[in-house]
Amino acid sequence: MSFLATSQEAESSLSREAPQLCRQFMLSEIQVATQNFDESMVIGRGGFGKVYKGNINNGTSLLKVAIKRLDLDSNQGEVEFWVEVKMLSKLAHCHLVSLIGYCNDEQEMILVYEYMSHGSLEDHLHKRGIFLSWMRRLKICIGAARGLDYLHTGTGIKHGIIHRDVKSSNILLHNSWAAKISDFGLSKICPKDQPSTHVDTFVKGTFGYLDPNYFETGKLTRKSDVYAFGVVLFEILSGKRAVDTSIDEEQWGLARWAQDSVNEGRLKQIVDPTIRGRISPKCLKEFARIAHRCLHSHPKQRPTMFEVVVGLEFVLALQQKANLKLQPADMATVVRNVTMSLYPSSTLNSSVGLPDLKSINTYLDTVGGEDRILCRFDFDTVNVATENFSEANEISHSSYYEMYKGRLQNGRDIAIVISSIYSKINKEYMNEVSILVQVEHENLFQLLGYCIDGTKLFLIYEFAPYASLGSLLSDPMCTLLDWNKRYKILLAVAKVLVYLHKHAPIRITHRDLNPNSVLLDESLDPKLSGFGVARSFVINETEVDLHETMWSEYIEPEYLNHGHLSTKVDVFNFGMMVLETVIRPSSTTGFANYEMLLKSYVERNLLEGTLLDIIDPRINVDSNMITRFIEIALLCTQTEAHAIDRPTMEEVVDMILGNSSPTLLLKTIQARTIIDNEIIDYEIQSTDLSDTGEVEDFISELSPR
């Protein structure tokens with residue numbers, strides 16, 4: 001029996017089996033998720049059709065998904081649809097995109113995938129204003145190679161899989177930047193134990209990535225995927241498309257041009273200018289050797305995908321070793337020294353120490369972490385994005401800055417903050433830059449780049465189009481924030497604080513966490529912003545003395561009294577934010593000792609059993625859940641004498657998820673309630689709320705009406 005017959009039988013058998021791991025959706029569910037296929041929900045287009053973003057009900061929560069709808073005019077159809085469904089229902093790997101479900105309703109054929117928040121590799125390589133560092137490119141290469149190796153040899157079914165359409169647009173990027181292979185509509189199965197055996201089939205694929213040997217003979221092997229991946233490697237290295245009209249030679253495309261450049265010793269000219277100088281010579285040479293081998297004219301001389309993975313991991317190790325030699329100092333120390341060199345004066349009102357234009361340029365051009373550097377935008381790009389800074393695009397302004405919304409040519413919405421480089425608050429902007437360029441998390445407000453025009457500094461951020469948590473909480477007419485949304489927001493903020501305190505490249509204390517620093521996008525997903533007064537720690541530091549003026553929504557007692565700064569300051573602020581998120585809104589923010597008064601008021605109602613009387617009436621949730629969150633908040637806001645007993649943000653996340661209980665821990669502080677209240681009473685006497693009537697007025701403002 002020929003292998004072709006075996007392959008066809010296996011594929012036929014696979015197509016008869018019902019999907020095991022994915023769900024069949026009703027068309028009505030898809031229509032709700034995409035707002036009836038509204039154009040505003042489109043996030044991409046391909047040979048199959050349009051791709052929409054949406055939210056699908058997943059038990060008790062909403063799951064963000066990507067929804068691919070077959071276009072009736074597409075050259076793909078039912079065969080490719082069912083191949084994708086059947087194959088992905090059998091596959092499970094961290095570097096393959098997950099198929100959540102499908103819809104087959106009359107003429108509608110729809111695939112539902114996990115949502116890839118960073119889009120495709122193609123987007124990041126070829127769209128203006130998006131930057132990928134060399135280290136990130138290497139890690140993406142390794143992830144994609146692992147995914148292909150799994151398809152070829154490790155799928156766990158009887159037959160391996162040849163993808164047949166490997167290209168940068170089919171490599172998607174998770175919010176963690178993990179690479180995931182997608183689009184299996186053209187895939188073919190083959191025996192796992194016969195790497196040289198081929199499948200005779202009609203030639204399909206994408207020009208520029210297509211294996212010449214497969215094109216000429218119609219014989220498809222795993223090595224055809226290897227060839228296409230070699231094109232992707234040179235695409236990643238050069239920043240050029242697989243078919244690039246800027247290559248001013250009579251070439252078939254990037255593959256031939258790159259091969260000729262390597263053969264002629266012109267390796268450096270291949271490298272993308274945005275990463276030139278950031279690749280060690282040994283690393284560049286080895287990476288190009290692997291890519292060149294993948295493009296060998298004889299398939300048997302090409303490496304297997306396993307060999308490619310091993311080779312790329314060696315390249316990564318070479319680059320990491322080179323980076324260590326170039327950056328011996330701890331990154332937190334580097335950032336601190338650079339910022340201090342620009343701003344030797346710690347007093348914002350001082351006219352001494354303001355940086356000159358050259359210093360700002362030098363700093364912004366070089367600041368960065370292992371995986372990111374800032375993208376420098378030209379003024380024309382910013383001007384076009386904001387429609388000449390039209391009044392309609394102005395978000396806010398003050399005597400120190402202006403903020404506009406805008407849209408880049410690639411369709412990405414942005415926010416632009418404009419200030420003079422000689423502004424008194426420019427120190428805060430530079431501090432924010434030095435921190436945001438080194439951290440990355442799906443719930444952090446992302447800094448994209450900058451522009452300098454004359455003496456004006458433009459900082460370009462992603463756009464969170466909705467509002468701040470604070471503005472929605474304080475609006476008595478707003479009904480958007482039900483309990484599920486508030487829960488999701490608080491959990492996300494807690495997780496991003498865990499990242500900043502423990503997992504970021506530098507340890508960071510935010511110092512100004514409050515509802516107004518939590519921005520919300522169109523899905524009400526939170527983005528933590530406001531890093532102007534944040535501070536970075538050396539990794540082994542737990543506390544620093546930092547005596548300086550800080551304008552903050554809340555004033556932590558140990559910082560106010562002694563200037564002691566630690567991550568427990570953020571824990572205190574998080575606890576206060578929880579209270580403000582669940583307690584009936586009031587207009588008392590800003591009163592002296594507001595934090596301690598509000599905490600005491602909530603604690604008293606908790607102990608007296610009247611807690612539900614002071615909860616925001618817009619919240620409809622089980623009383624046990626509310627009590628748990630109040631207990632978490634009280635644990636977080638313990639006074640200076642007991643600050644060491646505050647939980648870490650990791651422990652807070654566990655308590656929010658219900659993995660541990662705050663009740664037992666709370667008993668420790670309930671015994672101190674009377675003592676703490678006596679301290680608060682004493683503090684009240686020491687403030688401008690010394691009059692008993694004023695205190696009563698203050699408490700009445702907090703009390704339910």
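Biologist: Where in the chain does Arg646 sit, and is the residue buried or exposed?

Modeller: In this predicted model, Arg646 has its place in the loop that runs between helix 20 (623–636) and helix 21 (649–657). To read burial, one looks at the relative accessible area and asks whether it falls under 20%; Arg646 has 2% relative accessibility, and therefore counts as buried.

Biologist: Which backbone atom does the side chain of Arg646 reach?

Modeller: The side chain of Arg646 reaches the backbone oxygen of Cys636, at 3.4 Å.

Biologist: What can be said of Thr637, in the loop between helix 20 and helix 21?

Modeller: Thr637 is buried, since its relative accessible area is 0%. A polar atom of the Thr637 side chain lies 2.9 Å from the backbone oxygen of Ala633.

Biologist: How should I read a nonpolar core, and which residues touch the most other members of the largest one?

Modeller: The general idea is that in soluble globular proteins nonpolar side chains tend to be buried together. Here the largest nonpolar core holds 76 residues, and Phe574 and Ile630 are the ones that touch the most other members. Helix 16 (residues 483–503) supplies the largest share of this core, with twelve residues.

Biologist: Which residues does Phe574 contact once its neighbours within four places in sequence are left aside?

Modeller: Phe574 is then in contact with Leu490, Val493, Ala494, Leu497, Leu513, Cys636, Met649, Val652 and Ile656. Cys636 thus appears twice in our reading, as a contact of Phe574 and as the residue whose backbone oxygen the Arg646 side chain reaches. There is also a second, separate core of 75 residues, which includes Phe48, Val83, Leu121 and Ala242.

Biologist: How many helices and strands does the protein chain have, and what percentage of its residues is buried?

Modeller: The secondary structure comes to 24 helices and 25 strands, and buried residues make up 54% of the 705 residues in the protein chain. Sequence separation offers another reading, for among contacts between residues at least 6 apart in sequence, 67% join residues at least 24 apart.

Biologist: At what angle do helix 5 and helix 7 pack?

Modeller: Helix 5 (residues 134–153) and helix 7 (residues 222–238) pack at an angle of about 175°, and their axes are 11 Å apart. An angle over 145 degrees counts as roughly antiparallel, so helix 5 is roughly antiparallel to helix 7.

Biologist: Which residues make the contact between helix 5 and helix 7?

Modeller: Helix 5 contributes Trp134, Arg137, Cys141, Ala144, Ala145, Leu148 and His152, while helix 7 contributes Arg222, Asp225, Phe229, Leu233, Ile236 and Leu237. Sorted by class, the contact has nine nonpolar, one polar and three charged residues.

Biologist: With which side chain does Thr274 make a polar contact?

Modeller: The partner is the side chain of Arg137, at 3.4 Å, and Arg137 is also one of the helix 5 residues in the contact with helix 7. Thr274 itself lies in the loop between helix 8 (254–263) and helix 9 (281–294), and with a relative accessible area of 40% Thr274 is partly exposed. The C-alpha atoms of Thr274 and Leu132 are separated by 8.6 Å, although the two residues are 142 residues apart along the chain.

Biologist: What does Gly185 touch, not counting residues up to four places away in sequence?

Modeller: Gly185 touches Glu80, Val83 and Glu84, and Val83 is one of the residues in the second core. Gly185 is found in the loop between strand 9 and strand 10, and it counts as buried at 7% relative accessibility. From Gly185 to Val79 the C-alpha distance is 7.8 Å, across 106 residues in sequence.

Biologist: Which residue in the loop between strand 9 (179–181) and strand 10 (188–191) has a phi near 65°?

Modeller: That residue is Asp183, whose phi is a positive value in a residue other than glycine. Asp183 is buried, with a relative accessible area of 16%. Phe37 is likewise not a glycine and has a positive phi of about 60°; Phe37 lies in the loop between helix 2 (27–33) and strand 2 (42–45), and is buried with a relative accessible area of 10%.

Methods:
Residues numbered from 1 in each chain as written. Predicted model: local features only at pLDDT ≥ 70, side-chain atom pairs only at ≥ 80, totals over all residues. Heavy atoms only, no water. Axes fitted to C-alpha atoms, helices over the stretch in contact; angles between N-to-C directions. Helix = DSSP H or I, 4+ residues; strand = E, 2+ residues; numbered from the N terminus. Parallel < 35°, antiparallel > 145°, perpendicular 65-115°, else oblique. Contact = heavy atoms within 4.5 Å. Nonpolar A, V, L, I, M, F, W, Y, C, P; charged D, E, K, R; others polar. Buried < 20%, exposed > 50% of the residue type's maximum accessible area, 1.4 Å probe, protein only. Polar contact = N/O pair within 3.5 Å; in protein donor to acceptor, adjacent residues only side chain to side chain. Core = buried A, V, L, I, M, F, W, Y, C linked by side-chain atoms within 4.5 Å.
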